[in-house]
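Here is a friendly walk through one protein chain, from its overall layout to a few individual residues. Have a look at the sequence and the structure first.

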Amino acid sequence: MVYAVIMAGGVGSRFWPRSRQDRPKQFINVFGQATLIQNTVARLQGLIPPERCLIVTHERYVQQTHEQLPAVPLENILAEPMSRNTAPCIAYAAAQLLARDPDATMVVLPADHLIQNVKQFHKVLEVAIEQAQQPEALVTIGITP
């Protein structure tokens, strides 16, 4: 089964003054009608359903995340006691997912990307997922592994 792990660890410093500690960038509307995190989950529609999305965020943002993403089950909002950047976030999500589904394929996405061509994004992810399901595989998109 394929799951999405969405990293939503923003703390309100990048888009200041629009984003603040009580409303970090993932919860603001930057491009259009929805917030960045809502756009990230919506972008996965047809590929990975909300019930297979895990959101990793600081514990202070669990309720706000749930309000923004009511289709994502509350138990899929993983609370970090403190933000520790990308690698620990992914490790935490991987450990949680391993306990739920040892055969899972994990797609890791930030909550704050702008991707306008969703159809092309899906094509790229479909190829990446297929490759990632091979034994001992790790696939990266846009960065050198």
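A residue counts as exposed when its relative accessible area is over 50%, as buried when that area is under 20%, and as partly exposed in between. By that rule Glu 136, with a relative accessible area of 83%, is exposed. Glu 136 sits in the segment after α4. Its backbone also deserves a look: Glu 136 has a positive phi of about 60 degrees, although it is not a glycine. Most residues other than glycine have a negative phi. Please keep in mind throughout that this is a predicted model.

**Overall layout**

The protein chain contains four helices and four strands. Followed along the sequence, these elements give the pattern β-α-β-α-β-α-β-α. The protein chain has 145 residues, of which 39% count as buried. About 8600 Å² of the protein chain is exposed, and carbon and sulfur atoms supply 53% of that area. Among contacts between residues at least 6 apart in sequence, 56% join residues at least 24 apart.

**Strands and their pairing**

Which strands does β2 pair with? On one side of the account is β1, joined to β2 by five bridges, with the two strands running parallel. Within that pairing, Ala 8 has Thr 57 of β2 as its bridge partner. Then there is β3 (residues 77-80), which is joined to β2 (residues 53-58) by four bridges and also runs parallel to it. Here His 58 has Glu 80 in β3 as its bridge partner.The connection between β2 and β3 passes through helix α2 (residues 62-68), and the three elements make a right-handed β-α-β unit.

Is β2 enclosed or open to the outside? Six of the six residues of β2 are buried, so this strand is largely enclosed by the rest of the structure.

**Nonpolar cores**

In soluble globular proteins, nonpolar side chains tend to be buried together. In this model, the largest nonpolar core has 23 residues, and those with the most contacts inside it are Ile 37, Leu 44, Ile 48, Ile 55 and Val 107. The elements that give two or more residues to this core are β1 (2-8), α1 (36-43), β2, β4 (105-110) and α4 (118-132). Of these, β1 gives the most, with four residues.

What does Val 107 touch, leaving aside its neighbours within four places in sequence? Val 107 is in contact with Val 2, Tyr 3, Ala 4 and Val 5, and also with Ile 48, Leu 125 and Ile 129. A second, separate core has nine residues, among them Val 5, Val 56, Cys 89 and Leu 97.

**Cysteines**

Two cysteines are worth a glance. Cys 53 is buried, with a relative accessible area of 0%, and Cys 89 is buried too, with a relative accessible area of 5%. How many disulfides does the model have? The count comes to zero, where a disulfide would need a pair of cysteine sulfur atoms within 2.5 Å.

**Residues apart in sequence**

Three residues outside the strands help to show how separate stretches of the chain are placed in space. Pro 24 belongs to the loop between β1 and α1, and with a relative accessible area of 0% it is buried. Ser 83 is found in the loop between β3 and α3; its relative accessibility of 32% makes it partly exposed. Ala 94 lies in helix α3 (residues 86-100) and is likewise partly exposed, with a relative accessible area of 30%. The table gives a C-alpha to C-alpha separation for each of them.

| Residue pair | Separation in sequence | C-alpha separation |
|---|---|---|
| Ala 94 and Ala 104 | 10 residues | 9.4 Å |
| Pro 24 and Tyr 61 | 37 residues | 9.1 Å |
| Ser 83 and Ala 8 | 75 residues | 9.9 Å |

The Ser 83 entry leads back to the strands: Ala 8, the other member of that pair, is the residue whose bridge partner in β2 is Thr 57.

Methods:
Residues numbered from 1 in each chain as written. Predicted model: local features only at pLDDT ≥ 70, side-chain atom pairs only at ≥ 80, totals over all residues. Heavy atoms only, no water. Pairing = 2+ DSSP bridges. Right-handed = clockwise from strand over helix to strand, strands pointing away. Buried < 20%, exposed > 50% of the residue type's maximum accessible area, 1.4 Å probe, protein only. Core = buried A, V, L, I, M, F, W, Y, C linked by side-chain atoms within 4.5 Å. Contact = heavy atoms within 4.5 Å. Areas by Shrake-Rupley, 256 points an atom, 1.4 Å probe, with all protein chains shown as cover.
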